[in-house]
Amino acid sequence: MGKWIFGLLAAIVLGMGFFVMSDKDAQSAKPASNTQQSKLERKEQLTVGVDPHNHPEYKSNFELYFAHLNSAVLVGKANVDNGGKTLSNEDYKRILNDIRKNLGNIKYDGEKKDELNRVKKLVNQAIQNNAIKGDEIFYEIHQTIHELDKHFNTTYFVDEVPNNRSEASFFIEKSEFDDVYKWLASTKRDLHSDKYDPFRDREEFLVHIAHASYAYSRHFYNLEDDIFMKMKLSELIKLFGKMKNESDSRKYNEYIEQFDAIYDEIQKERRL
């Protein structure tokens with residue numbers, strides 16, 4: 001990736017209020033509270049068939065995606081912008097610690113538990129042994145996380161082919177949108193929304209949207225037969241490709257304005 005994104009991890013913070021209620025009110029409220037708590041607990045667990053792009057509230061799936069991204073860096077299967085410098089041994093150690101944090105945040109107790117625990121041990125071993133570039137353990141770590149990501153996430157991290165300059169990004173295996181127009185409408189709403197939960201701020205939310213929209217633009221481009229739509233989707237691929245690598249958040253509004261112009265052109269053509 002043109003920019004190496006660390007810390008783009010979803011988090012939901014629940015506020016708890018203190019109040020007094022009667023025994024009767026407490027009894028009637030308890031089932032709803034338990035139901036809500038159960039639903040939140042399920043979303044915290046690593047779950048098969050989740051798209052972490054559209055559902056970052058599934059925190060364990062989101063952490064697994066980024067564990068895969070970070071492990072891909074270890075084996076040269078993800079591009080890193082390191083100011084033109086090669087990664088140092090300290091950089092590799094930092095990446096390993098990021099992976100350990102990703103994996104440590106995953107909640108899971110299912111059939112893949114042994115694989116998850118095994119890769120945690122491998123990461124700890126690599127840290128303790130001060131593993132460096134080219135170490136065989138890096139490939140073992142990456143391959144295990146790679147398989148777990150593909151098993152659980154419908155939108156998983158796609159490894160770079162070594163020395164390939166193409167951008168690694170989300171891979172859309174199963175789209176949640178029936179057609180390109182529904183995706184475009186959803187993206188427009190997201191880009192103009194003043195809500196960014198569960199992300200830390202709007203800038204972090206827009207980076208996430210840019211990465212996902214880049215992938216969806218390519219996804220629908222490959223499915224589209226109409227020449228006009230292919231041309232517009234090609235423009236969106238370039239737009240979101242630039243936006244997801246933009247280091248100056250003050251320029252995000254310019255990209256949003258460009259998207260709006262392309263969106264309006266598509267809507268106008270659709271009405272003809």
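Let's start at Lys 182, which counts as partly exposed at 44% relative accessibility. Keep in mind that this is a predicted model. The side chain of Lys 182 meets that of Asp 178 in a salt bridge, 3.0 Å from N to O. Asp 178 counts as exposed, with 66% relative accessibility.

**Charged pairs**

How many salt bridges does the count come to? The count is 14. Here are three of them, with their closest N to O distances.

| Salt bridge | N to O distance |
|---|---|
| Lys 182 and Asp 178 | 3.0 Å |
| Arg 250 and Asp 248 | 3.0 Å |
| Glu 115 and Lys 112 | 3.7 Å |

Arg 250 counts as exposed, at 72% relative accessibility. Glu 44, Lys 59 and Lys 107 are joined into one network by salt bridges that share partners. As for the pair in the last row, Glu 115 is partly exposed, with a relative accessible area of 30%, and Lys 112 is partly exposed too, with 22%.

Glu 224 makes an interesting contrast. This residue lies in the loop between α7 and α8. Glu 224 is buried yet has no salt bridge. Why is there no salt bridge for Glu 224? The nearest side chain of opposite charge, Lys 230, is 7.6 Å away, and a salt bridge needs the nitrogen within 4 Å of a carboxyl oxygen, so Lys 230 does not qualify. Leaving out residues up to four places away in sequence, Glu 224 touches Val 180, Met 229, Lys 230 and Leu 233.

**The nonpolar core**

Now let's turn to the inside. In soluble globular proteins, nonpolar side chains tend to be buried together. Here the largest nonpolar core has 62 residues. Leu 103, Phe 138, Ile 141, Trp 183 and Leu 184 are the ones with the most contacts inside this core. Eight helices, α2 to α9, each supply at least two residues of the core. Which helix gives the most? That is α2, with nine residues.

Leu 103 is a good residue to look up in the structure. Not counting its neighbours within four places in sequence, Leu 103 is in contact with Ala 67, Leu 116, Val 119, Lys 120, Val 123 and Ile 145.

**Helix α9**

The helix α9 has 20 residues. From its first C-alpha to its last, α9 reaches 29 Å, close to the 28 Å expected at 1.5 Å a residue. Several residues of α9 are buried, among them Tyr 252, Tyr 255, Phe 259 and Tyr 263. Asp 260, a residue of α9, is buried as well. Against which helices do the buried residues of α9 pack? They pack against α6, α7 and α8.

**Aromatic pairs**

The structure holds 13 aromatic pairs. One of them, Tyr 108 with Phe 152, is edge-to-face, with 5.2 Å centre to centre and 80° between the planes. This pair links distant parts of the chain: Tyr 108 sits in the loop between α3 and α4, and Phe 152 in helix α5, 44 residues apart. Tyr 108 counts as buried at 19% relative accessibility because the limit is under 20%. Phe 152 is buried, with a relative accessible area of 1%.

Phe 199 and Phe 205 form a tilted pair, 5.9 Å centre to centre and with 55° between the planes. Both Phe 199 and Phe 205 are buried. They also belong to a cluster, linked by ring pairs, that includes Phe 62, Tyr 65, Phe 66 and Phe 157.

Technical notes. Residues are numbered from 1 along each chain as its sequence is written. This is a predicted model: local features need pLDDT of at least 70, side-chain atom pairs count only at pLDDT 80 or more; totals for chains, interfaces and linings use all residues. Side-chain values use heavy atoms; hydrogens and water are left out. A nonpolar core is a set of buried Ala, Val, Leu, Ile, Met, Phe, Trp, Tyr and Cys residues joined through side-chain atoms within 4.5 Å. Buried means under 20% relative accessible area, exposed over 50%, partly exposed in between (1.4 Å probe, protein chains only). Helices (H or I, at least four residues) and strands (E, at least two) are DSSP runs, numbered from the N terminus. Contact means heavy atoms within 4.5 Å. Lys and Arg count as positive and Asp and Glu as negative; His and the chain ends are not counted. The expected span of a helix is 1.5 Å times one less than its number of residues. Rings of Phe, Tyr and Trp (its six-membered ring) pair if their centres lie within 6.5 Å; planes under 30 degrees apart count as stacked, over 60 as edge-to-face and the rest as tilted.
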